[in-house]
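Q: Please take a close look at one part of this model, namely its charged side chains and the partners that they meet. I am in my first year, so please explain each term as you go.

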Amino acid sequence: MKCTSLRVFFSCEEKKKILILAMGDGQQRRKWESWWIALCLLFLLSFGRQVSAQIKYSIPEEVKEGSVVGYIAKDLGLDVSTLVDRRFRIVSGSKDAPFQVNQNNGILYIQNRIDREELCADNNICQVNLKIAIENPLEIHYVGIEVTDINDHAPVFPEKEQHLKIAENTLTGADFQLLAARDPDSGGNSLRTYKLSHNEHFELEIRDGGEDNKIPILKLQRPLDRERHSKHQLVLTALDGGNPPRSGVMNITITVLDNNDNRPVFSKDVYSVTITESLLVGNVILQINATDADLGPNGHVLYAFVSNLKKKVYDTFEIDKNTGEIRVIGDVDYEDTEVYRADVTATDSGEPPMTTNCRVVIKVTDINDNKPEIEVTSLSNLVPEDSKPGTVISLISVMDKDSGANGQIVCMLPDGAPFELKPSFQENMYSLVTQGSLDRELVTHYDITITATDLGQPPLSSVKTLSVDVSDVNDNSPEFPQNPLELFLFENNPPGASIFSVSALDKDMNDNAVISYHIIRGDGTKGDIASFLNVNSETGIIHALKSFDFETMKTGQFHVLATDSGSPSLSSNVTVNVFILDQNDNVPVILYPVSANGSAEGVEEIPHNVNAGHLLTKVRAYDADIGYNGWLLFSLQEVSEHSLFGLDRYTGQIRTLRSFTETDEAQHKLVILVKDNGNVSLSATATVIVKVVEPKEAFAASDVKNAVKDEEENNVTFYLIITLGSVSVLFVISIIVLIVMQCSKSTDYSSKYLKEANYDGTLCHSIQYRSGDKRYMLVGPRMSIGSTIVPGSNGNTLVIPDRRRRDSGEVRCI
């Protein structure tokens, strides 16, 4: 059976039926029916339109284990199929609550036997409070279960027999207090009345002792005559209000004695005292006093507590039988008992003794002796860093056993933490929520100290620490330490070998920080260097799929994309500027002289009357390499007369060293060696045949020769123009790309790249560029003053000092 408070109700008809069954038939049944109808109407008028989160059930004690208490999920309007996933459970309740909830169907059932008298001793209303927690989202519901009493105990007297001694001259109307019975049941099942066995001299009077305590009083109706009856045997029966009622009996033996005709008299009928809790053992709190007008033993008064008091009175206080002082012998706790009530008997020592009673009321005042208690109900100590402000982390409930200001609590959090406590609709209930944004990359863990302080004097505090870890979300993109990057790569690199590596960092953790690398492919055109590269997605090591040729490609650019493994993933890219460095892999090409069959051989005729220093001819050569690798030097490898001809090692000009004599031969053979300045020099040879003729013949031959030579030179000039044009176009494109990429990095120079160095005859190349705070120049045969060779550059890269005013550096090949 169940009924609810403010949310789930039994109908009035159902309650009426229940009470009719409990109260029996007849006139009593009709009276209870009328009472319950009026109660239900009042209840509906008062609370019919209110809604609360509290559910109340009612069950009788001693119900079998496994019996259903109520359908909590149904009464709360919850979906039964979600109870297991949402961890539907009891998180707290009254001490030793014998209830359990079934997560599969949301039914609250009895787990252990319930004895109301054991569970709620000395309480008229026995209610067990449970707190039900449901997660995702977090909900807290409060369930109250009232355990109703059944008549499972009979009244019990403290003694099986009571002996009284009454003087025969006792006046009629005198009363004698009998031992009272106690019944652990409550309500209608508790002690209701007493019955006395039939006799001629005594009748029974029942007095209300407070707190449902019925005190039987024996009153003398007819004078006693010891000579006729020295003893009287009576039976006192105690009855409870159950249906059927249960009873207990006590035998009363009355001995008729003579002449103690004054009884003790107390100075007060009721003694009252107020003490503070935690009073030390041994302190005297009160002294009662009774006087007896008799003399001798008949006037000597002894004090004692009556024998039917609550056990807590005997455990906490004692009375001195001679002085009447009441002192503390146990712990006085306001939270356990606020008021103690005790009856004290004063008995003289006469024969028969005479007694009288008084009431002692001991009130306990509260002191601030209990610290606040903090209870934390938390789903998880892991909070995502992207949680919005106001996200509930835990539920905090606090309580203080003290009363008044001593039991009022203030909760606080330390300053600086991005959390706050929000009070709930229920007193002393708070929600711990996020107050600001969280960033795991800044703070990964919080130890939240919750301080609960009461308002007592002095105040008492409790502290509880809640650990909260901030979980990572993918809110940081991979970052490259530098962007763009520069790669200097020598040509003729082995295919498949690693040439470079990139590395990015991600501030996130776990999968959110696992980075994979990919090269962003271009359109596959001729200048797209990305199509010839591959990157290891895990390590970022870049491999070249082919060998690069400086003479074909001098610069390039590609992009590497770094992507983390978060969901959704974040990425960033880095630009890699590639500079191909030259190696000496091209043999010098002889442009002049070139004979008709293509061999490097020519014939020159010279008059015999020329003077010293006469320019005979000029050997022209070209090297596709640049810098030292393209810097050409000329030397005479073979000559018939060393004293007659001289060769300029830089320009390739052949001049006469002296005038011809009659003894000189008419024909001379010159073999010229042309070699570059690479680490491993490459060379070519040209042969010049010099014929010495008479002046007229030389002039005639010269005219013919010049005509042929002009035609040859025209052809050579055409090829030179094509070659120079191609090289210039590639060079200009490279310069433009580098200027666009680097113009934002420096304002010291109008351009990173320097002008092409001059040359005075032989085709050669020189490229100057800048990286960081240094300038690099791939040079030809002559270097500008102040240039230095970069270590590891194979002698073909110069570092030009960084000056605001540029020096004009001439790079020249002949």
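A: What follows starts with one acidic residue and then moves on to the salt bridges.

The model is predicted, so local features need pLDDT of at least 70 and side-chain atom pairs count only at pLDDT 80 or more, while totals for chains, interfaces and linings use all residues. Residues are numbered from 1 along each chain as its sequence is written, and side-chain values use heavy atoms, with hydrogens and water left out.

Asp 472 sits in the loop that runs between strand E31 (461–471) and strand E32 (485–490); strands (E, at least two residues) and helices (H or I, at least four) are DSSP runs numbered from the N terminus. With a relative accessible area of 16%, Asp 472 is buried, a word that means under 20% relative accessible area, whereas exposed means over 50% and partly exposed lies in between (1.4 Å probe, protein chains only). Its side chain makes a polar contact of 2.9 Å with the side chain of Arg 440, and it also reaches the backbone nitrogen of Met 509 at 3.2 Å. A polar contact is a pair of N or O atoms within 3.5 Å; within protein, one must be able to donate a hydrogen and the other to accept it, and residues adjacent in sequence count only if both atoms are side-chain atoms. If residues up to four places away in sequence are left aside, Asp 472 touches Glu 385, Arg 440, Glu 441, Asp 508, Met 509 and Asn 512, where contact means heavy atoms within 4.5 Å.

Turning to salt bridges, a search of the whole structure finds 20 of them, each being a side-chain nitrogen of Lys or Arg within 4 Å of a carboxyl oxygen of Asp or Glu. One of them joins Glu 351 and Lys 165, with the closest N and O atoms 4.0 Å apart. Because Glu 351 lies in the loop between strands E22 (339–348) and E23 (355–365) and Lys 165 in strand E8 (residues 161–167), this pair ties together parts that are 186 residues apart in sequence. Glu 351 is partly exposed at 49% relative accessibility, and Lys 165 is partly exposed at 43%.

Another salt bridge joins Asp 343 and Arg 359 at 2.6 Å, N to O. This pair links distant parts of the chain, with Asp 343 in strand E22 and Arg 359 in strand E23, 16 residues apart, and both Asp 343 and Arg 359 are buried.
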